[in-house]
Amino acid sequence: MTDRKVAEVPVLIVGGGPIGLALAADLGRRGIRTLLAEKNENRIGPAKMLEVSVRTLEFCRGLGIVEEVRHWGFPMDYPLDNAFVTDMRGYEIGRLRAPSLAQERASAFSPERGMMCPQTWFDPILQKLARTHPHITIRHQLKLETFDQDADGVTAVLRDQRSNQTEVVRCKYLVGADGFASTVRDLLGIEIRGEPHIDWAMNVYLRIPDFFGHHDKERAIRYVFVGPDGTWSFISFVDGKDLWRMQFVGLDEDKLRAMDVDTLVRRAMGGDVAYTIEDKTLWVRKRTVADRFMDGRVFLAGDSCHAHPPNGGLGMNTGLQDAFDLGWKLAAVLQGWGGEGLLESYDVERRPASARAAEVSSANYRRLGVNARSADILAATPAGEVARREVGARLVEENRKSWQPTGVHLGYVYHPSPIVVPDGTPKPVDDTFGYEPTTFPGARAPHVWIGEGRSILDLFGAGFVLLAFADIATEPLTRAAGAAGVPLRVERITSEEAARLYARRLVLVRPDGHVAWRGDALPDCRALIDAVRGAGLKASARRVDALRQPTAG
Ligand SMILES: Cc1cc2nc3c(=O)[nH]c(=O)nc-3n(C[C@H](O)[C@H](O)[C@H](O)COP(=O)(O)OP(=O)(O)OC[C@H]3O[C@@H](n4cnc5c(N)ncnc54)[C@H](O)[C@@H]3O)c2cc1C
């Protein structure tokens, strides 16, 4: 049945998972009228994503929802340790300690820290926020079927799943946040590369009321089970009460389908314990990155353009970076101050950053099993003790990179990028584990406290911000920005610590918190504004040189 209703909206987002919702919330605060279409009912199944990264918490801080995310219900005094055990009543062979949320000390690198906030809680917080904006419409049971684009916009056909009627939506831009099996990506004919099928995996959700009464192990958010053949399973705490998620490593589809959950739970728990199965989901572990993240007026974000093994929690967290890279750019173009190259920079910036995170996710998965085999591991003998000490130390050392990788979360740098102005200094060494704060153009502008409970990051989000660490006349830049309609604010920073960290007298930060330019004096301000708003894409090498050579401000 066809009943064509034509609606017009500047942005159509397809997919109401975390990435579509985050983009809707970001466009909402920027005043952009948006329709989000989600094919399913407004109900989240068992959480896939459990861990939100430090960068995601920074985004949430910017959106004003960080307190809700932090206090969703996980016990504040519960240690966020990862423990390696032979079974819950057997040997503990290693532990990666991480303080509870209550013990949290401000990290040197961020006003926030990564934590657990399962999708079942996280997505509704994003949805509630997006719905507070009157110009954001979220419609469930509305499925994208097809679309066409022309020079002026995109015409999409969607089907209302309840009435079975189709509707036509005309938009300026369409974003496919429609997950790994993306219809949008398929319709664009964009291929994905990588490993679309690493192996099969199974999530088993278990309610275990007496989990802690059953064993003598210290509390942890994850227990990894290690036998003579290495790591074979792990169990993660989902709700901070009695819900756990068990996963199995290295089994093929037949074994997973045929597996006897009772026997495996008994093996992991080291004996009988009462539990109920809440859910069992079979899924495929993959590492893929799309060949392109955009085509004309259509964009891909989240799992539709990069899917990761979940190890290390980089899937959604990386997808959110797409949303916050794209949101301000779409708004800029729709508000008339974004140049013709601004949207093109989305693919240039996000594809390498996503591929980097996907690589790390795969490495994290391999780390779980690495060098963990030992025939003696269960033996109550001196040889067994040696084996447990060695395997435990190896697992702790390797997996530290998976679970505390500040570098991968905070150290992604948009370089090269057509809208970032290089200053001729070499790109910092890429470290996905450690993190060295830097204002290298393209990097996330680093955190430093500039007042009681006030991070310098709290200044970013709305438009461009020129941070001035010295008494320099900044009018030429504000005038150039004003002439091009670019929202730009000057913030004079008096903190000496901030001045040292930021390393230049002037640093221009984009709405997504990345450094666009830095220098000790203003360059040709019109050229700078054109470069960072994507109107200087075809800038000649000479023009870039002119930006590098500061003239008196
Ligand atoms: C076991 C597991 C654990 C994970 N743990 C973590 C973790 O700890 N941290 C982390 O960062 N990531 C984790 N991930 C990855 C994370 O779940 C995904 O990266 C994230 O859900 C991707 O979000 P998305 O919005 O891009 O896609 P999805 O969550 O897949 O959402 C896409 C949405 O689009 C809708 N849709 C699809 N087609 C259409 C259409 N034609 N029309 C309308 N709507 C459509 C779908 O119904 C769906 O709601 C995990 C994944 C798994 C499998």
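**Figure 1. Helix H2 of the predicted model and the residue that follows it.** Helix H2 spans residues 54–63 and is mostly covered, with eight of its 10 residues buried. The buried set consists of Val54, Arg55, Thr56, Leu57, Glu58, Phe59, Cys60 and Leu63. Arg55 and Glu58 are thus listed among the buried residues together with Val54, Leu57 and Phe59. After H2 comes Gly64, for which phi is positive, near 85 degrees.

**Figure 2. Cysteine residues Cys117 and Cys171 in a structure without disulfides.** Searching the whole structure gives zero disulfides. For Cys117, the closest cysteine sulfur belongs to Cys60, and the 8.0 Å between the two sulfurs is too far for a bond. Cys60 is itself one of the buried residues of H2. Cys117 also counts as buried, its relative accessibility being 0%. Cys171 likewise takes part in no disulfide, and the nearest cysteine sulfur, in Cys305, lies 17 Å away. With a relative accessible area of 3%, Cys171 is buried.

**Figure 3. Surroundings of Gln119 in helix H4.** Gln119 belongs to helix H4, which covers residues 119–131. A relative accessible area of 8% places Gln119 in the buried class, because buried means under 20%. When residues up to four places away in sequence are not counted, Gln119 touches Pro18, Ile44, Ala47, Lys48, Met49 and Pro124.

**Figure 4. The largest nonpolar core around Leu12, and a second core.** The largest nonpolar core has 109 residues, and the members that touch the most others are Leu12, Phe122, Leu174, Tyr223 and Met246. Neighbours within four places in sequence aside, Leu12 is in contact with Leu35, Ala37, Ala156, Leu158, Val169, Cys171, Tyr173, Leu174 and Val175. A separate second core contains 25 residues, including Ala468, Ile472, Leu506 and Cys525.

**Figure 5. The second largest pocket and its lining.** The space in the second largest pocket amounts to about 740 Å³. Its lining comprises 33 residues, and those nearest the centre are Ala98, Arg113, Gly114, Trp403 and Gln404. At least two lining residues come from each of strand S3 (51–52), strand S6 (115–116), helix H10 (382–403) and helix H11 (406–410). H11 contributes the most to this lining, with three residues. Divided by class, the lining of the second largest pocket holds 14 nonpolar, 12 polar and seven charged residues.

**Figure 6. The largest cavity and the helices that line it.** Across the whole structure, one cavity of 30 Å³ or more is found. The largest cavity holds about 50 Å³ of space. Leu314, Thr318, Gln321, Ala353, Arg356, Ala357, Val408, His409 and Tyr412 form its lining. Helix H8 (315–335), helix H9 (344–369) and H11 are the elements that each give two or more residues to this lining. H9 provides the most, with three residues. H11 also supplies residues to the lining of the second largest pocket. By class, the residues lining the largest cavity are five nonpolar, three polar and one charged.

Methods: Residues numbered from 1 in each chain as written. Predicted model: local features only at pLDDT ≥ 70, side-chain atom pairs only at ≥ 80, totals over all residues. Heavy atoms only, no water. Core = buried A, V, L, I, M, F, W, Y, C linked by side-chain atoms within 4.5 Å. Buried < 20%, exposed > 50% of the residue type's maximum accessible area, 1.4 Å probe, protein only. Contact = heavy atoms within 4.5 Å. 1 Å grid on protein atoms, 1.4 Å probe; cavity = no way out; pocket = protein on both sides within 12 Å on 5 of 7 lines; lining within 4 Å. Points joined across faces, edges and corners; volume = space filled by probe spheres on them. Helix = DSSP H or I, 4+ residues; strand = E, 2+ residues; numbered from the N terminus. Nonpolar A, V, L, I, M, F, W, Y, C, P; charged D, E, K, R; others polar. Disulfide = S-S within 2.5 Å.
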